[in-house]
Amino acid sequence: MGDWRTVTVPLLSSDSKNIFPYTSERKSPTSMSSEVLRLSLPSSKSMHSFFSAFCTEENIEQSISYIDRELTTMGFPSIYAESKGKELDLVSMVNCMNELLVLQHKNLRAQEEIEVQHLKLGSDMDHLQNCYSKLKVQKLQNVISSRATQYNHDMKRKEREYNKLKERLHQLVMNKKDKKLAMEVLNYVGRADGKRGAWRTDKTEARNEEEMYKVLLSDYEQRQKQLLLENTELKKVLQQMKKDIISLLPPQKQKPKERSEDGLVLSDQEEDIGELNKENMWELSCETVREQLTNSIRKQWRMLKNHVEKLDNQVSRGHSGALNEKDVISREDHELETGKLELEIQQCKEMIRTQQQLLQQQLTCDDDTTLLLQDCYLLEERERLQEEWRLFREQKKNFEKERKSFTEAAIRLGLERKAFEEDRGAWLKHQFLSMTADCKSENATTPSAFLRSSDTDHRLVRSSSQQKRPPSVLSTTASPEPCQISQYITQNSVASEKPAADYLPNLWVESDDKEETEECTKTWEDSGLDTLCRNLHMEQLP
Amino acid sequence: MNFSELFKLSGLLGRFSPDGKCLASCVQHRLVVRDASSLQILHLYSCMDQIQYIEWSSDSQFILCAMYKRGIVQVWSLEQSEWYCKIDEGSAGLVASCWSPDGRHILNTTEFHLRITVWSLCTKSVSYIKYPKACQQGVAFTKDGRYMAVAERRDCKDFISIFVCRNWQLLRHFDTETQDLFGIEWAPNGCVLAAWDTCLEYKVLLYSLDGRLLSSYRAYEWPLGIKSIAWSPSSQFLAIGSFDEKVRILNHVTWKKITELEHPAVITSKKTIVYKEVEKSPTLGTERLSFPPTRALASSLFSTQSKYDICQVPVSLHYIKPVADKANPKVGVGMLAFSADNSFLATKNDNIPNAVWIWDIRKLKLAVVLEQLYTIQCFQWDPCQPRLAVCTGSSRVYLWSPAGCVVVKVPGEGDFQIVSLSWHSSGDSMLLLSKDHFCVCYLEREEV
């Protein structure tokens with residue numbers, strides 16, 4: 001708004017707005033009329049303050065009378081109810097206000113229109129200036145061309161005049177010439193080429209033409225030869241390039257060849273070209289051969305370009321970390337691998353070096369060091385042996401535990417056996433008694449086998465072992481076992497008589513026995529019980 | 001490098017014979033023919049008036065001396081010193097005179113370019129060529145001497161006529177699409193003729209030997225156009241120097257521009273070598289001073305030595321702002337020359353008048369810039385090897401070759417301001433011309 005204040009009609013705006021800054025200074029309505037109104041517009045903030053600054057509680061009457069005066073000078077009706085009274089005519093005041101508002105709106109609209117017009121005029125001005133400069137140039141060009149045509153016309157006119165003069169002069173000169181001898185020469189000289197001069201006839205004219213065309217033709221032929229030479233050179237270069245491109249392309253790129261638009265036709269063409277090449281037909285400059293050559297080179301080049309682009313993409317992808325191709329190792333991995341390998345190599349080298357050093361030391365060092373070294377070695381061995389002892393002891397403990405458990409089991413089994421034998425003896429006795437009840441002639445030998453507790457055991461064992469023999473025919477392996485078992489059991493029984501806790505460990509301290517007992521327990525475990533059971537079954541059956 | 005003594009000369013008329021055996025020079029109305037190596041006078045001829053132009057015939061047997069004021073051409077024979085020939089154009093006047101390629105005909109251009117008269121030394125026949133064009137290069141012969149192209153103007157239109165030199169028969173006659181034909185030049189292979197328009201109109205037309213228009217080239221429309229043109233010796237390139245300080249090179253296959261060579265006042269390319277001529281203050285031993293000073297001492301005191309220094313790029317060259325309101329402004333590429341082996345192109349930009357620009361044609365890049373102390377007057381390539389001789393109006397001659405460049409002062413007292421030079425056909429010696437004297441410089445094989 002501020003920019004256009006110079007354009008807007010000052011009278012309309014200044015009166016309504018500029019009173020306020022003015023009155024804020026003075027604050028006395030009496031001396032207002034004598035002051036010159038300023039044109040500067042106050043800002044909206046100051047306007048508000050001025051709104052209150054004009055009329056305050058004290059000078060209401062003066063301000064009202066001032067307003068009334070101003071309005072009446074502007075042509076509005078007075079706001080007072082009567083001509084001299086102090087009462088305000090509200091209706092007329094409201095009307096005046098309305099009129100003022102309407103006026104304000106009109107002014108604003110007019111201002112807007114003027115602004116728009118100004119903008120338009122500005123752009124028009126620019127446009128016109130451009131046109132003007134262009135027109136100026138055109139005008140000057142027109143001036144030049146008109147002057148040039150005028151000049152040419154004048155020149156032609158002068159030239160014609162000049163020609164006329166020349167003709168006239170020529171005539172005069174020719175007339176004069178007849179009298180004098182123009183050329184004086186001692187004797188005529190022979191021609192440079194030694195030939196005689198010839199008359200000018202039609203034949204000579206024809207010959208001239210012929211010669212001229214010959215000259216032209218020879219020139220063209222020479223140029224054509226040069227161009228042919230150039231062409232063959234370029235073709236050679238192209239062929240070479242083609243070969244190089246084909247060699248550069250990897251063999252797997254044969255596929256895109258087949259996938260090209262021509263398909264099989266392309267390969268045929270390529271074959272043809274190959275044949276042509278072989279026959280040195282490229283010396284021909286016919287259109288088809290030329291086209292084929294250039295087309296094939298273009299295709300090969302495109303393939304090479306694609307290949308190179310693919311390689312570039314792979315490299316860039318490898319950089320970004322995504323490895324899709326198996327045969328392409330990303331750079332980082334590659335570097336890692338190489339790092340690892342290098343590390344390995346270094347380690348191996350170090351090892352080799354240390355080994356060499358040690359070897360050397362061994363071979364070439366003196367006694368003290370050798371003793372020391374030997375001691376070192378002995379220490380090492382000792383430590384190793386200690387380790388082994390420790391392990392050995394642990395294992396021994398384990399075995400002892402196992403043996404304990406086995407012996408306990410064996411004792412249990414022996415007891416069970418004992419019980420079993422007793423039962424058997426009782427049963428046999430019963431049977432025998434039942435049998436002897438039939439025949440009384442039997443001896444007491446048999447009761448000795450069954451009746452005594454300690455001996456009966458032995459006898460039982462013997463008899464059982466004896467009785468076991470016939471059934472042992474059935475199982476051949478059983479024969480050695482009963483002896484072992486008897487041995488074991490005897491040992492057990494002997495052992496059972498004594499307190500078990502102290503005795504058992506003593507029996508098995510010595511390592512020699514250990515293995516045997518182990519074997520015994522094992523075999524007994526495995527087959528002894530089975531045979532026992534079998535024998536029992538055998539006996540029970542009948 | 002040996003220098004001969006100075007001999008008198010007038011009108012910058014010093015020419016080696018085409019076979020390289022003799023050297024012809026003029027002093028006023030006398031024609032002196034010397035041996036090229038010993039400079040011994042072989043023949044001395046007197047002409048009727050001050051000689052304005054001399055030319056050797058192609059077989060080095062005859063020399064023509066033209067006196068334009070009198071309108072007379074005199075021809076002298078080397079074989080027979082008593083032989084004489086005088087051609088008097090009379091009231092027709094004489095503006096130009098030249099030999100035909102066979103060395104037996106003389107073409108005289110009469111005043112106001114009324115006609116070209118072809119005088120024969122073998123027969124009594126005379127031929128006339130009417131309406132020749134009054135332009136810089138109106139007559140052009142092919143290198144093998146078979147054909148001649150003449151620029152003509154009839155009824156305010158330009159034409160070109162091609163004649164067979166053997167019997168002066170008209171072969172072709174065609175009009176050109178030029179406003180005001182300025183010059184014509186055959187390509188060294190004799191099959192293409194370049195014709196270019198006045199500087200108000202940038203246009204180059206290329207015609208085949210049989211008169212067909214092969215191509216037309218126009219770089220821009222309004223500013224001043226072509227200033228100089230040169231064919232490369234192999235006919236592969238046509239270099240066009242124009243007023244916009246650029247050289248455009250056309251190729252012979254498509255007749256299209258292949259490159260633009262610019263001549264800026266500041267050289268920034270790192271690959272360009274800039275040789276700057278700097279003055280060396282003369283060294284004097286104090287013991288040698290004597291009073292009164294001898295001539296030699298005086299000359300050595302006042303003559304300045306100079307040498308070449310290599311400047312580091314970027315180099316800014318001495319630049320003259322052209323005057324806008326004068327005709328034929330000193331702007332643009334005014335001198336163009338290809339080396340004999342087609343590998344270099346030497347150019348001069350007229351608003352950087354002290355510099356010679358040497359372009360490597362194989363790379364189409366600026367190879368060397370020679371900045372001299374004074375304005376370049378003339379440069380010419382050695383006809384055998386890529387060696388450029390430059391003169392700037394001082395008494396020093398400058399030679400450049402790819403091996404390096406050298407400044408040589410012509411020994412001798414007094415002023416010898418070289419304004420023109422011309423190589424011997426063998427490339428072993430060079431003719432240095434000043435306004436009043438000439439000198440022959442003999443170059444040893446190993447030098448530069």
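Begin in chain B of this predicted model by selecting Pro314(B), which sits in the loop between β29 (305-311) and β30 (315-316) of chain B. Show the backbone of the residue before it as well, since the peptide bond joining Val313(B) and Pro314(B) is cis, with omega at about 0°.

**Two backbone angles in chain B**

Stay in chain B and select Ser60(B), in the loop between β7 (53-56) and β8 (62-67). The phi of Ser60(B) is near 60°, a positive value in a residue other than glycine, and its relative accessibility of 5% places Ser60(B) among the buried residues. Then move to Cys156(B), which belongs to the loop between β16 (147-154) and β17 (157-164) of chain B. Cys156(B) is not a glycine either, yet it has a positive phi of about 60°, and at 6% relative accessibility Cys156(B) counts as buried.

**Salt bridges in chain B**

Next, select Glu89(B) together with Arg115(B), which form a salt bridge whose closest N and O atoms are 3.8 Å apart. Glu89(B) lies in the loop between β10 (84-88) and β11 (96-99), while Arg115(B) is in strand β13 (residues 115-120), so the pair ties together parts of chain B that are 26 residues apart in sequence. Is Glu89(B) buried or exposed? Glu89(B) is buried, with a relative accessibility of 1%, and Arg115(B), also assigned 1% relative accessibility, counts as buried.

Continue to Asp360(B) and Lys363(B), whose side chains meet in a salt bridge with an N to O distance of 3.9 Å. Colouring by accessibility should help here: Asp360(B) is buried at a relative accessible area of 12%, whereas Lys363(B) is exposed at 61%. For a wider selection, take Glu159(A), Lys133(B), Arg153(B), Asp158(B) and Asp180(B), which are joined into one network by salt bridges that share partners. Over all chains, the structure holds 31 salt bridges.

**Helix α4 and its surroundings**

Now select helix α4 of chain A, residues 90-177, where Met155(A) is found. Met155(A) is partly exposed, with a relative accessible area of 38%, and together with Tyr151(A) and Leu200(B) it makes a nonpolar surface patch of about 290 Å².

In the neighbouring part of the sequence, display Arg157(A) and Asp154(A), which form a salt bridge with the closest N and O atoms 3.2 Å apart. Because these two residues are three positions apart in helix α4 of chain A, Arg157(A) and Asp154(A) are separated by about one helical turn. Arg157(A) counts as partly exposed at 46% relative accessibility, and Asp154(A) also counts as partly exposed, at 23%.

**A charged patch and a view of chain A**

Move on to Arg393(A), found in helix α10 (residues 367-438) of chain A. Add Lys396(A), Lys397(A), Lys401(A) and Lys404(A) to the selection, and the positive surface patch that they form with Arg393(A) is in view.

Finally, show chain A as a whole. What does its secondary structure come to? Chain A has 15 helices and one strand, and of its 542 residues, 19% count as buried. With a surface displayed, chain A exposes about 42,400 Å², of which carbon and sulfur atoms supply 56%. If contacts are drawn, those between residues 24 or more positions apart account for 57% of the contacts in chain A with a separation of 6 or more.

Definitions and conventions: Residues numbered from 1 in each chain as written. Chains lettered and ligands numbered in written order. Predicted model: local features only at pLDDT ≥ 70, side-chain atom pairs only at ≥ 80, totals over all residues. Heavy atoms only, no water. Patch = residues over 30% accessible without salt bridge, like charges linked within 9 Å, V, L, I, M, F, W, Y side chains within 5 Å. Areas by Shrake-Rupley, 256 points an atom, 1.4 Å probe, with all protein chains shown as cover. Salt bridge = Lys/Arg side-chain N within 4 Å of Asp/Glu carboxyl O. Lys, Arg positive; Asp, Glu negative; His and termini not counted. Charge placed at Lys NZ, Arg CZ, Asp CG, Glu CD. Helix = DSSP H or I, 4+ residues; strand = E, 2+ residues; numbered from the N terminus. Buried < 20%, exposed > 50% of the residue type's maximum accessible area, 1.4 Å probe, protein only. Contact = heavy atoms within 4.5 Å.
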